[in-house]
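Okay, hi everyone, let's get going. Could you all pull up the sequence and the model, please?

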Number of protein chains: 6
Amino acid sequence: MALENLLPLELIDKCVGSQIWVIMNGGKEFTGKLLGFDDYVNMVLVDATEIDPVEGNTTLPKILLNGNNICMMVPGGDGQYQVEDE
Amino acid sequence: MALENLLPLELIDKCVGSQIWVIMNGGKEFTGKLLGFDDYVNMVLVDATEIDPVEGNTTLPKILLNGNNICMMVPGGDGQYQVEDE
Amino acid sequence: MALENLLPLELIDKCVGSQIWVIMNGGKEFTGKLLGFDDYVNMVLVDATEIDPVEGNTTLPKILLNGNNICMMVPGGDGQYQVEDE
Amino acid sequence: MALENLLPLELIDKCVGSQIWVIMNGGKEFTGKLLGFDDYVNMVLVDATEIDPVEGNTTLPKILLNGNNICMMVPGGDGQYQVEDE
Amino acid sequence: MALENLLPLELIDKCVGSQIWVIMNGGKEFTGKLLGFDDYVNMVLVDATEIDPVEGNTTLPKILLNGNNICMMVPGGDGQYQVEDE
Amino acid sequence: MALENLLPLELIDKCVGSQIWVIMNGGKEFTGKLLGFDDYVNMVLVDATEIDPVEGNTTLPKILLNGNNICMMVPGGDGQYQVEDE
């Protein structure tokens, strides 16, 4: 069964209310529950965690992430990379 | 009770008149009272403080922050990170 | 026979359902199957791999890449550069 | 008396004809008199000075600053930071 | 005879089917034949070469370059800089 | 006599046919004659020179500069900074 096309905003819409992992342009990484978004891919996360392997993770109750500077979003992501099988 | 959706501009609108913490693309950080914003997420802050742990904080009576270069906004944020419980 | 003009969004459209290689602004590289895209060149990839010659590749089931920060897309690309003949 | 809301473009409009201080994305800083601006926050400054504590300040009779790359604007700013009271 | 004005998109249009040299924001450089473009200055190149004086040039059959991150385009450019006469 | 307001695109329009100096986001600098521009501040320069104090200047017959990545434009600029009087 061929994979059905999925538009970017459709994918984000499916994630509302669920956990996502967002990597920003400058390298900052966040996980949290997606509360809302708009056409510019601006996003509101609640119960957010900034992932920082060096300084330690920090929690932020509610944040706005500017779509301009979002590099990548991983639905359901928990911030852990799966290493490719050798 | 399921969390109600919250659009990004709705979140910003709720912050008008309150303290927010803004992290810019290049790493600059500001706290201050949000006086106004527009659809491009440009923001006007009053009684603003630029947070600089190295050079020391500086105060700025009124500033315009360009939405293009805003990375993240934390409602009610005072610039202090809450470290995640171990 | 002169090459027919090909508009950027036409090229992306032809790639839907196929493997592509995307290089982001900050240097991150991904391969994966293109599931969908929009006019802002936002893209949804499935069975994605982040290519990282240093830390090793990582797999991501489904990702959204923000068009703002896509530098280059190579249709059918597998992440391998073809060195120019001397 | 509650602070009245102030839209970003309203703030810039109030500054036309006055001295402002602009910090660009890449770190360049300018002061000068604002001669005009547009909805993209592009700005025209006259009698401008590029502030460079290392190489020394330089003067530029008239310049256009691209709104895309403006990080922050300080009305009436002279380029001097006010250090926060301890 | 005064030089006739030439709009940016007119210049790009004149280059369709010809060799161009594109320098991206992050410093990547490409030459290739322009197959198409759009109003956002997104470009499709065929028979493309990524110019890399350090790692060696690499060839790419067909690529999409995101207008957002194009810094400069040189019509007919072959990637060689002409040093200014002393 | 109060300075008349001058919109950014008006300033650029006045420069068509004249020498300008453009500083790009990444630090590249160009001088040349402005042949045309558009609302996105994309610019066409002829008889252009890339100013590079380290590697030496290079000449480019005709170039397109992407407005997205233009930081500053100086009308009539020749690439020489005027140091501020002590």
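I'll talk through how neighbouring copies of the chain meet, starting with one pair and then turning to another.

Some housekeeping: this is a predicted model, so local features need pLDDT of at least 70 and side-chain atom pairs count only at pLDDT 80 or more, while totals for chains, interfaces and linings use all residues. Residues are numbered from 1 along each chain as its sequence is written, chains are lettered from A and ligands numbered from 1 in the order in which they are written, and side-chain values use heavy atoms, with hydrogens and water left out.

Let's take chains E and F. How many residues does the contact take from each chain? Chain E gives 25 residues and chain F gives 26 residues, where contact means heavy atoms within 4.5 Å. People often give the size of an interface as the accessible area lost when the parts come together. Here, chain E and chain F bury about 2,200 Å² between them, and 62% of that is on carbon and sulfur atoms. That's buried area as the accessible area (1.4 Å probe) that two parts lose on being put together, summed over both.

On the E side, the elements that each supply at least two residues are helix H1 (8-15), strand S1 (19-24), strand S5 (70-75) and strand S6 (82-83). Helices (H or I, at least four residues) and strands (E, at least two) are DSSP runs, numbered from the N terminus. The largest share, six residues, comes from S5(E). By type, the side of chain E that touches chain F divides into 17 nonpolar, six polar and two charged residues. For that split, Ala, Val, Leu, Ile, Met, Phe, Trp, Tyr, Cys and Pro count as nonpolar, Asp, Glu, Lys and Arg as charged, and the others, Gly among them, as polar.

How many salt bridges are there between chain E and chain F? The count is zero, with a salt bridge being a side-chain nitrogen of Lys or Arg within 4 Å of a carboxyl oxygen of Asp or Glu. There are, though, nine residue pairs in polar contact across that interface (both at pLDDT 80 or more). A polar contact is a pair of N or O atoms within 3.5 Å; within protein, one must be able to donate a hydrogen and the other to accept it, and residues adjacent in sequence count only if both atoms are side-chain atoms.

Now look at S5(E) again: two bridges join it to strand S4 (residues 58-65) of chain F, and the two run antiparallel. Strands pair if DSSP finds at least two bridges between them. In this pairing, E:Met73 stands opposite F:Leu64.

What about symmetry? Chain E can be laid on chain F with an RMSD of 0.0 Å, by a turn of 60° and a shift of 0.0 Å along the axis. So the two copies are related as by a six-fold rotation axis. The superposition is least squares on the C-alpha atoms of residues with pLDDT of at least 70 in both. E:Asn68 is the residue of chain E that comes closest to the axis, at 6.5 Å (C-alpha). The copies use different surfaces, with 8% of the contact residues of chain E recurring in chain F.

Last, chains A and C. Chain A goes onto chain C with a turn of 60° and a shift of 0.0 Å along the axis, RMSD 0.0 Å. About 2,200 Å² is buried between chain A and chain C, with zero salt bridges. S5(A) is joined to S4(C) by two bridges, and A:Met72 has C:Leu65 as its bridge partner.
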